[in-house]
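These are my notebook entries on a single chain. I record below what I looked up, entry by entry.

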Amino acid sequence: MISIFIPHLPPAALSPNARPAHWSVRSRAAKAYRDTCYLYARNQAYGTHFERAVATVQVEVTDPTRRRDCDNYLARLKPLFDALVDAGIIPDDSAAHLTVRWAEPPFVACPPRSEGVGVVLEEAP
């Protein structure tokens with residue numbers, strides 16, 4: 001089991017409901033967030049590899065009472081899971097190799113300027 005914390009929230013441009021959702025804006029935002037996640041994942045989980053993994057995601061935000069849609073937020077996290085593949089932690093982010101679930105509660109409070117995404121990876125049975 002490993003824990004990875006990305007001290008950056010995914011960009012709002014990656015939300016399926018984002019406006020404007022021009023492909024170039026989304027592409028630049030996804031690449032930047034994927035690169036950031038890769039660096040943090042590589043540093044925090046160097047040498048770790050799972051053939052099949054269960055990822056438990058918890059997002060730290062300053063206002064956890066604000067309504068957020070977990071499904072839309074999961075779409076914003078796609079570059080993070082791609083970065084786990086790039087870092088060699090999982091072989092692929094398909095359903096055969098990765099199961100994603102939300103922690104309970106999915107959004108927790110944190111001090112200002114310390115927002116981020118926590119992922120706990122465990123070997124799947």
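**Entry 1: strand 1.** I began with the side chains of strand 1, residues 2–6, in this predicted model. Which side chains share a face there, and are they buried or not? I found that Ile-2, Ile-4 and Ile-6 point to one face and are buried. Ser-3 and Phe-5 point to the other face and are not buried. I note the general rule, because it accounts for such a pattern: side chains in a regular strand alternate between the two faces of the sheet.

**Entry 2: the partner of strand 1.** I next looked up the pairing and found strand 4, residues 116–123, alongside strand 1. The two strands run in the antiparallel sense and are joined over 5 bridges. For Ile-2, one of the buried residues of strand 1, I traced the bridge partner in strand 4 to Leu-121.

**Entry 3: backbone geometry.** I then checked the backbone. The peptide bond that joins Glu-104 and Pro-105 is cis, with omega at about 0°. I located Pro-105 in strand 3, which spans residues 98–109. Arg-113 has a positive phi of about 65°, although this residue is not a glycine. I placed Arg-113 in the loop between strand 3 and strand 4. Is its side of the chain buried or exposed? Arg-113 is exposed, and I recorded a relative accessible area of 86%.

**Entry 4: cysteines.** How many disulfides does the structure hold? I counted 0. Cys-70 is in no disulfide: the nearest cysteine sulfur belongs to Cys-110 and is 16 Å away. Since a disulfide requires two cysteine sulfur atoms within 2.5 Å, that distance rules out a bond for Cys-70. Cys-70 is partly exposed, at a relative accessible area of 23%. Cys-110 is likewise in no disulfide, and its nearest cysteine sulfur, that of Cys-37, is 16 Å away. Cys-110 is buried, with a relative accessible area of 11%.

**Entry 5: the largest pocket.** I closed with the largest pocket, which holds about 220 Å³ of space. Its lining consists of 13 residues. Nearest the centre of this pocket I listed Arg-66, Arg-67, Arg-68, Tyr-73 and Arg-76. Which element gives the largest share of the lining? Helix 2, residues 70–76, does so with 3 residues. By class, I recorded 7 charged, 3 polar and 3 nonpolar residues in the lining of the largest pocket.

Terms used: Residues are numbered from 1 along each chain as its sequence is written. This is a predicted model: local features need pLDDT of at least 70, side-chain atom pairs count only at pLDDT 80 or more; totals for chains, interfaces and linings use all residues. Side-chain values use heavy atoms; hydrogens and water are left out. Buried means under 20% relative accessible area, exposed over 50%, partly exposed in between (1.4 Å probe, protein chains only). Helices (H or I, at least four residues) and strands (E, at least two) are DSSP runs, numbered from the N terminus. Two strands pair if DSSP finds at least two bridges between them. On a 1 Å grid over the protein atoms alone, a cavity is a set of points where a 1.4 Å probe fits but cannot get out, and a pocket is an open set with protein on both sides within 12 Å along at least five of seven lines; lining residues have an atom within 4 Å of a point. Grid points are joined across faces, edges and corners, and a volume is the space filled by probe spheres set on the points. Ala, Val, Leu, Ile, Met, Phe, Trp, Tyr, Cys and Pro count as nonpolar, Asp, Glu, Lys and Arg as charged, and the others, Gly among them, as polar.
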